[in-house]
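Work through the exercises below with the sequence and the structure open. Try each task before reading its solution.

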Amino acid sequence: MEEGENEAAVPPPPVGSVVEKLVNLVEEIAATSDYRNSYKKQFSNLSRRIKLLAPMFEELKESKVAIPVSALIATEKLNRALDLAKDLLLLGSKGSKIFLVLEQDQIMERFREVTSQLEQALDEISLDEFDISEEVKEQVELVCSQFKRAKERIDTTDVELYADLLVVYNMTTDAKVDPVILQKLAEKLQLITIADLKQESLTLHEMVSDDGDPGRVIEKMSMLLKRIKDFVLTHEPESGSLTTTNLGKIPIMPDDFRCPISLELMGDPVIVSTGQTYERECIEKWLEAGHNTCPKTQQKLSSTSLTPNYVLRSLIDQWCEANGMVPPKRPAQTGKPRSVCSAGEHVKVIDLVRKLSSQNLEDQRSAAGELRLFAKRNADNRICIAEAGAIPRLVGLLSTNDVCTQEHAVTALLNLSIYEENKGKIIISGAVPGIVHVLKKGSMEARENAAATLFSLSVVDRNKVIIGESGAIPLLVSLLNEGSQRGKKDAATALFNLCIYHSNKGRAVRSGVIKILMTLLLDPEGSMLDEALAIMAIISSHPEGKAAITAAEALPVLLHMIRCGSPRNKENAAAVLVQLCNGDQQQQHLAELQEQGMMMPLQEMIESGTDRGKRKAAVLLERMKRFLEQQKEAQAQMQEVADNLMDTTSSVLIDT
């Protein structure tokens, strides 16, 4: 279908709704204030210019004269531009102070884009078609000229602030920072009280990018904020004042003792389903606000249950006592106490753990098998087995040559890892190399359970790094290719989770995962379709991943998914396309999307897709429209050159 046919098929929006939207947008923008210092001038100027448009919208709202269709379409374009401006201004008012400075290139690019769109939208409006007063027309023309000048002028930001912040941001966790730099950062960012710091921490966790690896970015920014907070506290813990110089007033607390949200010492630490620990009050507020993700890793929470972290609580109490501090107050316990194994079961577990170290192979095999089944039943059994010291001994059996014992050992560790506190114990026991050995050398059942164990352990963010560096990823890719149906599923879930960590994406690509994903996508049975697309979507944000997907000629398959896939598969296919249609081969991919008539399927996604799918489809449509506009401009220029050449040739012939 031709582009003109598409436009003709879409009726103009109702006059009242467009004008009402414009009025509401300007009111929302007018109500936004208190912009961050780093961009205060730019945000304030943008807001002021937009507010000058309010009289035009008010007069249009009160007017009885109908707005022509051509003017209404131009007004709708202005509506979209104002929507972008509102989002940018909200970021400037409510966003993280640290994020705004570190992402200054992205922020300034958004300023240029918003300014350009506002200027274009106003320039396309014929004010003579509006029933508005001459004074208002003059004011709108003035605003339009201001946007034109602003578009051509590049405002500078605080270069010194950006440089200082970048230096601290890129430091290792054990590096020492010049206190003078920290003082300048705290003052310029206005992070000088505990309330400022706590609000910045909460804001930082609200601001998560949709693409890339947000968990890693937030972790580094949180570490930077922690350095500033340590500096403020050591200068004046009560008021946050930067006037005193007593740096030894309080000891620097270990990072693991801080709540990732409030950055304060935890009194009632609890574990969420991703394995991360938070102060109960902070994570409960996060969940009550409607979030269903882990603040630190941004992984979706499989449940909202909170498990008390008794081990960490005990360590915090010991640290406070050793440093002469009063442990933080914690609320009275109102829930049920943890249940434990019966005395008889405990004795049995102790006996089984003892047999794991027996020189008799049959004793080892039967003990590992019984512990495997016992750990499968409930959380109490998993706690009991771990407390009895079974984990290191099971890890030792991973390298056994006895196939059955090896299967029992790795499966027992899988079952034990379901209980969150056991994940850390398994990692500390050095289990990862043994699990990787099973993944490489074990029976198919052992390999399947080894993959499932790696998935379970990788739920904890720092474990993704450990597992990725262990050599597990090539073996998981191999299992994805040659394993049983269950093995492929286990490998896929482990790979997906591990590839949330950016460096693991490159490892997966170099292990040949894209070729295997393409095979799974083209499989007529489609039994691994969902998993393959999900992995491809997460890997596509890596440069090597994008290059490999392009080389594999995945575009036709992705376009087919956009047309015929499930809502979730459409979402993931669109996520891959967004990455492909950005960068060196953007023009080539956008041209193919246009040739394949993807405007309509993407429009349907915007109307009926998943929330994330709608956002991805909207990005693709916007890029396609911009591509078409550029094509038209290029064709017009070529035509003009051809016409000029024809005129010159005709003149020469006539003279001759």
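The exercises go from the whole chain to one helix pair and then to single residues.

This is a predicted model, in which local features need pLDDT of at least 70, side-chain atom pairs count only at pLDDT 80 or more, and totals for chains, interfaces and linings use all residues. Residues are numbered from 1 along each chain as its sequence is written, and side-chain values use heavy atoms, with hydrogens and water left out.

**Exercise 1. Describe the protein as a whole.**

Step 1. Take the secondary structure: the protein has 34 helices and three strands. Helices (H or I, at least four residues) and strands (E, at least two) are DSSP runs, numbered from the N terminus.

Step 2. Turn to burial. Of the 656 residues, 50% count as buried; buried means under 20% relative accessible area, exposed over 50%, and partly exposed in between (1.4 Å probe, protein chains only).

Step 3. Look at the contacts, meaning heavy atoms within 4.5 Å. Among contacts with a separation of 6 or more, 72% come from residues 24 or more positions apart.

**Exercise 2. Describe how helices α24 and α27 pack.**

Step 1. Two packed helices are described by the angle between their axes and the distance between the axes. Axes are lines fitted to C-alpha atoms, for helices over the stretch in contact, and angles run from 0 to 180 degrees between N-to-C directions.

Step 2. The axes of α24 (residues 472-482) and α27 (residues 513-522) come within 10 Å and cross at roughly 20°. The two helices are therefore roughly parallel; angles under 35 degrees count as roughly parallel, over 145 as roughly antiparallel, 65 to 115 as roughly perpendicular and the rest as oblique.

Step 3. List the residues: Val477, Leu480 and Asn481 of α24 meet Val513, Ile516, Leu517 and Leu520 of α27. By class, this contact has six nonpolar residues, one polar and no charged. Ala, Val, Leu, Ile, Met, Phe, Trp, Tyr, Cys and Pro count as nonpolar, Asp, Glu, Lys and Arg as charged, and the others, Gly among them, as polar.

**Exercise 3. Is isoleucine 535 buried or exposed, and which residues does it touch?**

Step 1. Isoleucine 535 lies in helix α28 (residues 529-539). Its relative accessible area is 2%, so isoleucine 535 is buried.

Step 2. Leaving out residues up to four places away in sequence, isoleucine 535 touches Ala492, Leu495, Phe496 and Leu517.

Step 3. Isoleucine 535 and leucine 517 are 18 residues apart along the chain, and their C-alpha atoms are separated by 8.1 Å.
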